[in-house]
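Trainee: Could you take one part of this structure and go through it with me slowly? I'd like to see how a single spot ties in with the rest.

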Amino acid sequence: MNEAVRLRIELANSKKYLDIMDVSLLSNKSISTIRRKISEGIIKSFQDVPKGKLLFKREDIERWIENGAS
């Protein structure tokens with residue numbers, strides 16, 4: 001793992017809310033897979049502004065990963 005990715009993962013672990021790139025790095029899933037999981041209702045996201053950045057609660061993503069991220 002390169003240093004930039006390691007640092008990004010470390011930063012993501014310290015945040016209460018994650019963006020889609022954080023979720024991708026932590027789960028080792030592509031952004032398109034994450035968007036599909038949102039559409040399927042498997043992952044819950046919210047936007048901080050209408051049509052803005054998707055955000056995720058860290059504890060929701062941790063639970064999803066612990067349950068196999070499928």
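**A close look at Ile34**

Mentor: Let's start with the neighbours: leaving out residues up to four places away in sequence, Ile34 touches Ile20, Val23, Ser24, Ser27, Lys29, Ile43 and Phe56. Before we go on, keep in mind that this is a predicted model.

So where are we? Ile34 sits in helix α3, which covers residues 31–39. Is Ile34 buried or exposed? Its relative accessibility is 0%, and the cut-off for buried is under 20%, so Ile34 counts as buried. Across the whole protein, 29% of the 70 residues count as buried, and Ile34 is one of the buried residues.

Now let's step back and place that helix. The protein has 4 helices and 3 strands, and from the N terminus they come in the order α-β-α-α-β-β-α. The radius of gyration is 12 Å, close to the 11 Å that the globule rule gives for 70 residues, so the protein is as compact as a globular protein of that length. If you want a picture of the outer dimensions, the C-alpha atoms fill a box of roughly 30 × 30 × 20 Å along the principal axes. Among contacts between residues at least 6 apart in sequence, 40% join residues at least 24 apart.

Back to the neighbours of Ile34, where Val23 and Ser24 are among the residues touched. Helix α2 spans residues 20–27. Between α2 and α3 there is a loop, and Asn28 lies in it. Have a look at the backbone there: Asn28 has a positive phi of about 60° even though it isn't a glycine. Asn28 is exposed, with a relative accessible area of 72%. Compare that with Ile34 at 0%.

Next, follow the neighbours towards helix α4, residues 58–66. Trp64 lies in this helix. With a relative accessibility of 8%, Trp64 counts as buried. Not counting residues up to four places away in sequence, Trp64 touches Val23, Ser27, Lys29, Lys37, Ile42, Ile43, Ala69 and Ser70. Did you spot some familiar names? Val23, Ser27, Lys29 and Ile43 are in contact with both Trp64 and Ile34.

Ala69, one of the residues that Trp64 touches, deserves a stop too. Ala69 lies in the segment after α4, and it counts as buried at 6% relative accessibility. Its phi is near 45°, a positive value in a residue other than glycine. Ala69 and Ile34 are 35 residues apart in sequence, with their C-alpha atoms 9.7 Å apart in space. For another pair, take Trp64 and Phe46: they are 18 residues apart in sequence and 16 Å apart, C-alpha to C-alpha.

Another contact of Ile34 is Phe56, and that one takes us to the sheet, since strand β3 is made of residues 54–57. The 3 strands form an open, antiparallel sheet in the order β1-β3-β2. Strands β1 (17–19) and β2 (46–47) stand at the edges with a single partner strand each, so one side of each is left without a neighbour in the sheet. β1 pairs with β3 over 3 bridges, while β2 pairs with β3 over 2 bridges. Leu55 is a nice residue to zoom in on: Asp19 has Leu55 as its bridge partner in β3, and Phe46 stands opposite Leu55 as well. In the hairpin of β2 and β3, there are 6 residues between the strands, and Lys51 takes a positive phi near 55°.

Phe56 also leads us out to Lys16, which is in contact with Phe56, Lys57 and Arg58 once neighbours within four places in sequence are set aside. Lys16 is found in the loop between α1 (3–14) and β1. At 53% relative accessibility, Lys16 counts as exposed. So Phe56 touches the buried Ile34, and Phe56 is also in contact with the exposed Lys16.

That's the tour: Ile34 in α3, with contacts that include Val23, Ile43 and Phe56.

Key: Residues are numbered from 1 along each chain as its sequence is written. This is a predicted model: local features need pLDDT of at least 70, side-chain atom pairs count only at pLDDT 80 or more; totals for chains, interfaces and linings use all residues. Side-chain values use heavy atoms; hydrogens and water are left out. The radius of gyration is taken over C-alpha atoms; the globule rule is 2.2 Å times the number of residues to the power 0.38. Buried means under 20% relative accessible area, exposed over 50%, partly exposed in between (1.4 Å probe, protein chains only). Contact means heavy atoms within 4.5 Å. Two strands pair if DSSP finds at least two bridges between them.
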